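Biologist: Could you take me through this one slowly? I would like to hear the reasoning behind each term.

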Amino acid sequence: MLQVIEGQGRGAAPPSLNAGLAARWLEAFLRDEICERRSIGRAVVGLSGGVDSAVTAFLCARALGPENVHAIRMPYAASNPSSLSDARSVVEALGIVERTIEITAAVDGYLQFEPDADARRRGNVMARVRMLILFDQSAKLDALPVGTGNKTERLLGYFTWHADDTPPVNPLGDLFKTQVWELARYLGVPQALVDKAPSADLEADQTDEGDLGITYARADAILAQSLVGYSDAQLIERGFAADDVRLVRRRVEGTHWKRHLPTTAMLTNTAINEFYLRPVDF
Amino acid sequence: MEPLGSEGPGARPFDLAIVQTKPRKGRYGENLDALREVFAQIGERPTDLVVLPEAALTGYFLEGAVYELALAADNFATDLARAWCGVNGGRAVDIACGFYENFEGTYYNSAVYLHVEGTAAHVLHVHRKLFLPTYGVFDEERFLSRGRRLQTFETRLGRAAMLICEDIWHSIVPTVAAVKGARLLIVPSAAPGRGVESGDELASVVRWRSILQSTAAEHGVYIVYAGLAGFEGGKGMTGSSCVVDPWGGIVVAAPLLGAFVLRAQIDPREIDLARATLPLLGDLRAVLPDLLLDEELPIPRGGRDAAGH
């Protein structure tokens, strides 16, 4: 009898990452986009206490130098206190510039006129106020806002449209959440941030995976193969749970609009981004 | 245009420089000024041939702005020659460089090969990219027309062919060039990097290297690969320029992303040795007619393809 060697299928594992290679690539991206193309040299990052903004701050510090990275902590009265202390641990680890700006007065100043606003609406207002502050700090500090959204939340539509996704450059937007964790471990992000359950922290006891109804590991594995073009039936054949596949498919297909600019009525042969086509860096 | 050495074109070693450019998007004049400084640096040492990437002085992703930046080949060659002569006087050199070409209102992704002597630019060849990637991140055929011919051409350094980027991914293209006598394949390229899942290098760079090395070794040719560098709207052009010898070995290679000058000496005698050791090209010449004349191939005959369309 000869020894039989079995071929390995792709399986149901989430996508892997060479974190060192990705870090070098993203540092070069930040230097090119911020320093060379825009001649700015400074970045401003909203530091939430979560792993995405922590990794973004680490990358910016490596690319630009810690003295050129301004971290803004923007807690609301109901925010989990641990978010603030976790963000502080990133500032201390990197030696970046930090400022804390409470958003409670700004958020409640509006919401006093909308006492019936539910948690979703209140969360949206918080996200939009944070982005307002980030852009104003950008103008004040002559620093470019750097986005922190990852590929998983972009694909699942798990972000506030034209709030979280507005910064002009984003180093993490083509990395799945599980890859961001890999990158965080490589960069030396404080362990507590890597280990804790991800949360938008817009409501008490909120977690991303609770909101989404699926773990990031399962969602990322499905997304990675789905984007290549494998059908739902093929994914189920490969061992994914049918409910998970359907959930991911529904979220992606229901949120294409969130990954685009507003829909503009076309009336002429020179419609912007339809006929009149210029690259963003032209 | 005298051949180097007394034995005829392509008989003597020559000195090559690759300029891995990192242009400012759309700023042709500014990029040409920067190139002049690099030419001065290169001119400090004997240099017979300078090779630059695809879209070397404009950037690659231009979308509709390609119509504003495309140039007639003669005008582009004159600009290159003036840039060289402005800092190196009348010293002769050959230059190969990728650019967007405006040929009487038809637009191509092209590469020009010119010989500069005195202050004159002699255009020896213009290659128009055959395979315009129009999928995924690429959108070339929305804006550009396909080239239709693959020609080899004689230089004082030997017979050469230019293949732009995806041209060399189709193995039939370098094969035809080699069969038509090319000993030097010049490959200007603009390759957006991707693939960070595993391995020590980007998956796209590994794939490129593999193609270049296997192509060089199969046909016994030198390949000079000049890669554009720098980020364009989030897409990082890998650079990774290199020279591959006729054995498939890497002579010199640039790192990812940045602007660099690479130098190497090309020794045409290596080509003869490699081909004598592994005579695949000679074997191919014998069998190629049988392969190409096979009636089962879907090649249009008499105006129709094999399916009768």
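Biologist: Let us start with one residue: which residue stands opposite B:Ala161 in strand 8 of chain B?

Modeller: That is B:Leu185. One caution before we go on: this is a predicted model, where local features need pLDDT of at least 70 and side-chain atom pairs count only at pLDDT 80 or more, while totals for chains, interfaces and linings use all residues. Residues are numbered from 1 along each chain as its sequence is written, chains are lettered from A and ligands numbered from 1 in the order in which they are written, and side-chain values use heavy atoms, with hydrogens and water left out.

Biologist: What makes strand 7 and strand 8 of chain B a pair?

Modeller: Two strands pair if DSSP finds at least two bridges between them. Strands themselves are DSSP runs (E, at least two residues), as helices are (H or I, at least four), and both are numbered from the N terminus. Strand 7 and strand 8 (residues 184-189) of chain B are joined by 3 bridges and run parallel, so they count as a pair.

Biologist: And how do strand 6 and strand 7 of chain B pair?

Modeller: In the antiparallel sense, over 4 bridges, between residues 152-155 and residues 158-162. Here B:Glu154 stands opposite B:Arg159. The two strands form a hairpin with 2 residues between them.

Biologist: Which strands are called edge strands in the sheet ordered 6-7-8-9-12-13 of chain B, and why?

Modeller: Strand 6 and strand 13 (250-253), as each pairs on one side only. That sheet is open, with 6 strands and mixed pairing. Its neighbouring strands are turned by 20° against each other on average, direction ignored; the axes are lines fitted to C-alpha atoms (for helices over the stretch in contact), and angles run from 0 to 180 degrees between N-to-C directions.

Biologist: What is the order of the other open sheet?

Modeller: In chain B, 6 strands run in the order 5-4-3-2-1-14, again with mixed pairing. Strand 5 (120-128) and strand 14 (260-266) are its edges, and the twist averages 30° from one strand to the next. Inside it, strand 3 (residues 93-103) and strand 4 (residues 106-117) pair in the antiparallel sense over 11 bridges, with B:Ala96 partnered by B:Tyr113.

Biologist: How many residues are in contact between chain B and chain A?

Modeller: With contact meaning heavy atoms within 4.5 Å, 31 residues of chain B touch 22 residues of chain A. The size of an interface is often given as the accessible area lost when the parts come together. Here about 2,100 Å² is buried, 57% of it from carbon and sulfur atoms; buried area is what two parts lose (1.4 Å probe), summed over both. In chain B, B:Val196, B:Glu197 and B:Phe231 lose the most area to chain A, together 29% of what that side buries.

Biologist: Why is the link between A:Asp281 and B:Lys25 called a salt bridge?

Modeller: The rule asks for a side-chain nitrogen of Lys or Arg within 4 Å of a carboxyl oxygen of Asp or Glu. The N to O distance in this pair is 2.8 Å, so it qualifies. A:Glu36 and B:Lys22 form another, at 3.1 Å. That second pair crosses from helix 1 (residues 19-37) of chain A to the loop between strand 1 (14-20) and helix 1 (28-42) of chain B.

Biologist: How many salt bridges cross this interface?

Modeller: The rule finds 4 between chain B and chain A, and 31 over all chains.
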